[in-house]
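Thanks for making time this morning. I would like to walk you through one model, starting with the surroundings of the ligand and then moving to a single residue.

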Amino acid sequence: MDLDAAVAEARLRYADANPTSAEWDARARAVLPGGNTRSVLHFDPFPFRVARADGKFLHDVDGHEYVDLLGNYTAGLLGHSPAPVLAAARAALDGGWALGSVHPDEVRLAELLTSRFDSIEQIRFTNSGTEANLMALAAATTHTGRSKVIVFRHGYHGGVITFGSDVSAVNVPHDWVLCDYNDTNEVTAAFDEHAGQIAAVLVEPMQGSAGCIPGDSAFLVALRDACDEHGAVLIFDEVMTSRFSPGGAQARLGITPDLTTLGKYLGGGLTFGAFGGSSAVMRHFDPAQGGTLGHAGTFNNNVATMAAGVAALEQLLTPDALAANHARGEQLRERLNATFAALGVERCVSGVGSLMNVHGTRGPVTSAHDLVGADDRLKELFFFHCLEAGWYLARRGFIALSLEIADDDVDRFIEVVERFHP
Ligand SMILES: Cc1ncc(COP(=O)(O)O)c(C=O)c1O
């Protein structure tokens with residue numbers, strides 16, 4: 001089979017089926033460079049434009065309905081417009097929103113989050129996971145009086161803290177030290193080489209954007225030990241992985257980071273970010289404790305997010321709901337891998353719980369190096385195959401199951417995957 005021809009055909013079929021989205025794309029490109037304002041949402045030839053969403057479904061402007069397996073890259077864990085969250089956000093807006101003052105819901109949300117995450121004694125809110133990581137890095141460099149930060153190749157911590165095999169041109173200019181993920185020896189060597197200069201290690205317990213590459217628990221424990229030994233701050237970026245349990249990936253791993261960054265669904269699916277940790281580090285934001293760091297942000301405590309987050313945590317993100325979502329994801333991943341093995345095709349899925357990534361290689365995938373040379377055309381064909389059958393996942397193969405996805409959805413999706421024979 002000529003894969004180039006198959007991809008060209010799939011794109012043509014898609015374009016023919018989406019004339020209204022194509023018109024919107026032309027309009028968008030005139031005023032939004034690239035036709036969008038969030039680069040990851042683009043795929044060729046153009047993305048379908050969503051008119052509305054409800055429950056587990058997206059409805060586009062050409063009248064298609066998709067089961068949403070992407071869940072807004074993890075921010076949509078609750079599904080679309082869950083009633084308790086919608087009611088709470090509406091009630092908050094009814095009480096006025098541009099308060100320019102402190103209000104009760106930010107305290108309630110802080111109490112709920114600090115009671116869930118053992119390592120977080122104190123917390124502050126931001127508008128995004130990116131900002132949360134920026135503030136955590138400021139806290140760590142101030143706390144240690146050092147400047148270097150160990151990060152990992154292919155790690156993603158936000159639009160301005162993103163790493164391929166090298167540092168991105170849009171990154172903020174921290175004094176980065178890049179190591180390979182899951183490579184304890186390289187981290188040990190970096191600590192030795194830069195003795196007394198490492199302020200922090202910033203790490204995802206599972207590398208999400210890199211392709212859902214699980215962190216080896218021995219590696220993550222070694223990071224904790226190295227930070228203790230060298231007086232550095234261990235920052236767990238749990239913007240994606242916090243859903244693995246009520247206390248996040250760290251509770252499953254039994255590791256206590258000094259700082260944790262959060263985001264995505266914890267504001268009920270609205271604009272959200274947070275960073276928190278031990279009072280010893282967070283005191284730098286408290287003038288009464290001698291803290292010298294400010295933390296600004298017009299919308300940090302916006303009433304809609306604070307109320308939505310409280311409703312989500314109190315009513316929907318129960319330990320049982322999170323455990324069921326995690327187990328369903330594990331089951332889907334195992335069944336997908338079994339299906340690919342039975343078909344004997346160049347494909348596999350990696351991930352943890354409800355977060356996973358389909359790859360155009362047989363695997364196993366334990367590091368981004370394992371993805372080098374994988375045929376991206378297979379992934380593109382898989383993506384269009386799923387779309388044509390009414391299932392939406394990320395073009396890069398990323399899936400983040402929402403609480404709306406049930407066992408029979410998993411069964412039906414497996415049937416769709418079994419029919420993929422490029
Ligand atoms: C691990 C991780 N950290 C940080 C971020 C950035 O969050 P935001 O997009 O809210 O800035 C993301 C977003 O995908 C992420 O996956």
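Before I describe the ligand shell, let me fix the classes: Ala, Val, Leu, Ile, Met, Phe, Trp, Tyr, Cys and Pro count as nonpolar, Asp, Glu, Lys and Arg as charged, and the others, Gly among them, as polar. Please keep in mind throughout that this is a predicted model. With those classes, the shell around the ligand divides into 10 polar, 4 nonpolar and 2 charged residues. There are 16 residues around the ligand, and those that come nearest are Ser128, Gly129, Thr130, Gly158 and Val239. As for secondary structure, helix H5, which spans residues 129-144, gives the most to this shell, with 3 residues.

Now to the interior, where the largest nonpolar core comprises 111 residues, and where Ala200, Val201, Val233, Ile235, Ala307 and Leu393 have the most contacts inside it. Helix H10 gives the most to this core, namely 9 residues, and the core draws at least three residues from each of domain 1 (3-77 + 319-418) and domain 2 (83-316).

Let me stay with one of those residues, alanine 307, which lies in helix H10, residues 303-316. Is alanine 307 buried or exposed? Alanine 307 has 28 other C-beta atoms within 10 Å, and because the cut-off for a buried residue is 20 or more, alanine 307 counts as buried. Setting aside neighbours within four places in sequence, alanine 307 is in contact with Ala88, Ala89, Ala91, Ala92 and Asp105. Finally, alanine 307 and proline 104, although 203 residues apart in sequence, are 9.3 Å apart in space, C-alpha to C-alpha.

Definitions and conventions: Residues numbered from 1 in each chain as written. Predicted model: local features only at pLDDT ≥ 70, side-chain atom pairs only at ≥ 80, totals over all residues. Helix = DSSP H or I, 4+ residues; strand = E, 2+ residues; numbered from the N terminus. Buried ≥ 20, exposed ≤ 12 C-beta atoms within 10 Å, placed from the backbone. Contact = placed C-beta atoms within 7 Å. Core = buried A, V, L, I, M, F, W, Y, C linked by C-beta atoms within 7 Å. Domains from an automatic or database assignment. Near = placed C-beta within 6 Å.
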